Amino acid sequence: MDKGARPNWDNPMQFVLACVSYAVGLGNVWRFPYLCQLHGGGGFLIPYLIMLFLEGVPLFYLELAIGQKMSLGSIGAWTAISPYLGGVGLASVVTSLYLCLYYNIINAWSFWYLFHSFQSVLPWADCPINSNRTGPIEECERATPTQYFFYRETLDISSSIEVNGGIHTGQALCLVLAWLITYLFIVRGVKSTGKVVYFTATFPYVVLFIYLIRGMTLHGAINGVKYMFTPKMEQLANPTTWINAATQIFFSLGLGFGSLIAFASYNQYNNNFERQAIIVSLINSGTSIFASIVTFAIYGFKATVNYENCLERFVTRLLLLNAFSLAEDSITMDTVFDWIEKLNTTYPQQFAEIADKLENCDLESELDTAVEGTGLAFIVYSEAIMNMPLSQLWSVLYFIMLLLLGMGSMLGNVTAIVTPLRDFKITSRMSNELLNGLVCLFCLLLGLGFTTPSGNYWFTMFNDYGATFSLLFIVLIEVITVSYIYGIKRFEKDIEDMLGHRPNWYWKIMWSVTSPVLLIALFIFYIINYIKGGTPTYQAWNKELRYALGSMLVYVAKTTTF
Amino acid sequence: MLEKILILLCLSSALAEQPCKPDASDGYKVRLSIKTALGDEAYVWNENEMFLFRATLAFAMRSHLNGQEFDVSNIIVCDETPRVTFWFVVTSPLNTSGLVDKGVVEEAIRMSRNRINSAFLLTDKTLEFIGITPTLTAPVNPDTPPWLIVFGVVMGAVGAGIIVVLVSPLVLKKRKKNEETDEDEEETGVKAVENGSTREGVYNMSFSDDERLTQM
């Protein structure tokens, strides 16, 4: 084997697992369940699956084909297709770079929570006591202990994006650890990544399965699952549902970052990527649905616990028992509402006095609090976990799963940056280890900015605006290029060369007509949204009020194509 | 005249019998939540338990005000409810009609709170003195936070892994070089023999089974 030969995956299974590990990420766990809840539960699956077949699988197939055919990273591959289109590859690399900068901070947070789970009482279960030892800290009282732990102790968040401070040392340490582990996983390129993905792709499923069993056996879990799966068919008439389905499929598969091209470039020339593309896309969507069942079981549990605590705390205890001095066991959970009525009629005056303090305990409203993103992963889930028996074990398992999902995606992201860089003459003389180390170090140093008090706001800005627009544009150019500039006929021949048969008429129609039309529609929708939305806003953590809206001038990262 | 004295006597005795009433200025309200605390093992609240309460409180007053001999009769209780709440006031042993000041009672209770709680198998939350906030226990602050320990372990493992991965190819290269220099010395002697055996080749099978399409 001469030195110039491109390294390859040891076997096709590694390639499939790498793609699964990359595509199945945090979005499957914290974005899809939210969308499901927002758009009418089980009914959302219809637009989701339709978009999967119209848009997701064809585009995935396309990127794998390009990578495997050209055997180069995104820049080299697009330059080979047309010398004027190297910019598409460059845009992918820049977008991947943005993603790398801020994505690993989520892993840092997961590490932080993981390490803090090794305590006899989970630190987000109770409010810490103030210096006078008279009660809990005020900020924590006004919010909940889980929110306090996330916003104050983990992030040490400031009140707006302009207010800054020093680096949070604990966060910085966790970020360094996250990058060291990323480096360890990719240090020898495909040779090391190929072995790691056996673990990062499969273990999250083990944990999800364990959580499914645990979740379903929790008290009140069935409420959540019922709530999620009751389809609200009228949501299908809402165009936002379809747009969200298309967007979710698009981002969930990780198209446009160049990672798929990079992974496929290490394949053997005759690898059957067609079957693999379908399999990986189906696995990705299946995982989303699986994860949302687990999430809703946990939601149902948390909502039921909160609801019963509310009834217990306010209605039963504070008001009825204490205000009317009834014996302790006279009111139970079932008889609460009868008692309220009885007392209302017999002591109307007294009841009127306390009526305003009677907190409205409603199970529906608890379930309605749809949360996504870091709020779901770090606040809602932590709250649910601390109520489970043996909470430390469940906490450790959960954060290990989050870490594996996040790390698996990071593998793809860094590979998307390193692979095109390797194709240049200057860097190909550097050893693998050195180039990878430099990239990781660069991203680490810039990523330290996210560990400052205003870091979470920067993170939100990057997350919401950094990649979405650019990706749509990149993939749109990709699909139009391949269909019309490179030509479907030439592309067909390339695929026949690799696979031995031409692609079906279905693929050809998707590439030339459906996917571009869908992407243009999404693109226009996003532009309209941006224009209508005005200056982007973000939610800030105000110590006194908990949440306030701030506005900022956004610096939207633009990517260029030649 | 006699009637006036009678009325005065009646009034004063009536007043004297009512030092304890709800919302008394020197009294405290107590609330017990026995069933919440003990569940199935809850005891029934009766006269004897009340006696124990008064005795415990007398003990608390004695411990706080050294010298003054408080007795069960100095603790007056009233307004009991089925919830198990009641009001109490403390009379001074030196002056049976005078009430002990609210602040003094509060200090006494704070000092002996633990003893009072344990006498009834209850906690600060289930035996409440309305108006007296319990002093919370100081949080345990270990020298090294536990998360740092776990972090150190993981960091050490990762660091060791990276060093192994970076150093092992260099070690292998060195070994190969040493072997090669040994082989070079041997080869010069063997060359003549090798040239004669060119016919005996070995057919390499590794590439003949390659299929056009790699299977999954």
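# A walk from the A/B interface to a long-range salt bridge

Chain B and chain A bury about 3300 Å² between them, and carbon and sulfur atoms account for 67% of that area. Keep in mind as you click around that this is a predicted model.

**Stop 1: the interface.** Colour the two chains separately and select the contacts. You should pick up 33 residues of chain B touching 40 residues of chain A. Next, highlight three elements of chain B: β1 (28-32), α2 (34-38) and α6 (146-196), each of which supplies at least two residues to the side of chain B that touches chain A. Which of them gives the most? That's α6(B), with 14 residues on the side facing chain A. Now colour the chain B side by residue class: you'll get 19 nonpolar, 10 polar and four charged residues.

How many salt bridges cross between chain B and chain A? The rule finds zero. Polar contacts across this interface come to one residue pair, with both residues at pLDDT 80 or more.

**Stop 2: the sheet in chain B.** Hide chain A and show chain B as a cartoon. Here's an open sheet of four strands, ordered β2-β3-β1-β4, with antiparallel pairing. Select β2 (75-78) and β4 (127-130) of chain B: these stand at the edges with a single partner strand each, so one side of each has no neighbour in the sheet. Look along the sheet and you can follow the twist, which averages 30° from one strand to the next.

Zoom in on β2(B) and its partner β3 (residues 85-90) of chain B; the two run antiparallel and are joined by four bridges. Which residue of β3(B) stands opposite B:Ile76? Select B:Val89 and you have it.

**Stop 3: a salt bridge in chain A.** Over all chains, the rule counts 15 salt bridges. For one to inspect, bring chain A back and show the side chains of A:Lys191 and A:Asp10, which meet in a salt bridge at 3.2 Å, N to O. This pair links distant parts of the chain, its residues being 181 apart. A:Lys191 sits in helix α10 (residues 190-216) of chain A, while A:Asp10 belongs to the segment before α1 (12-23) of chain A.

Definitions and conventions
Residues numbered from 1 in each chain as written. Chains lettered and ligands numbered in written order. Predicted model: local features only at pLDDT ≥ 70, side-chain atom pairs only at ≥ 80, totals over all residues. Heavy atoms only, no water. Pairing = 2+ DSSP bridges. Axes fitted to C-alpha atoms, helices over the stretch in contact; angles between N-to-C directions. Contact = heavy atoms within 4.5 Å. Buried area = accessible area lost by both parts, 1.4 Å probe. Salt bridge = Lys/Arg side-chain N within 4 Å of Asp/Glu carboxyl O. Polar contact = N/O pair within 3.5 Å; in protein donor to acceptor, adjacent residues only side chain to side chain. Nonpolar A, V, L, I, M, F, W, Y, C, P; charged D, E, K, R; others polar.
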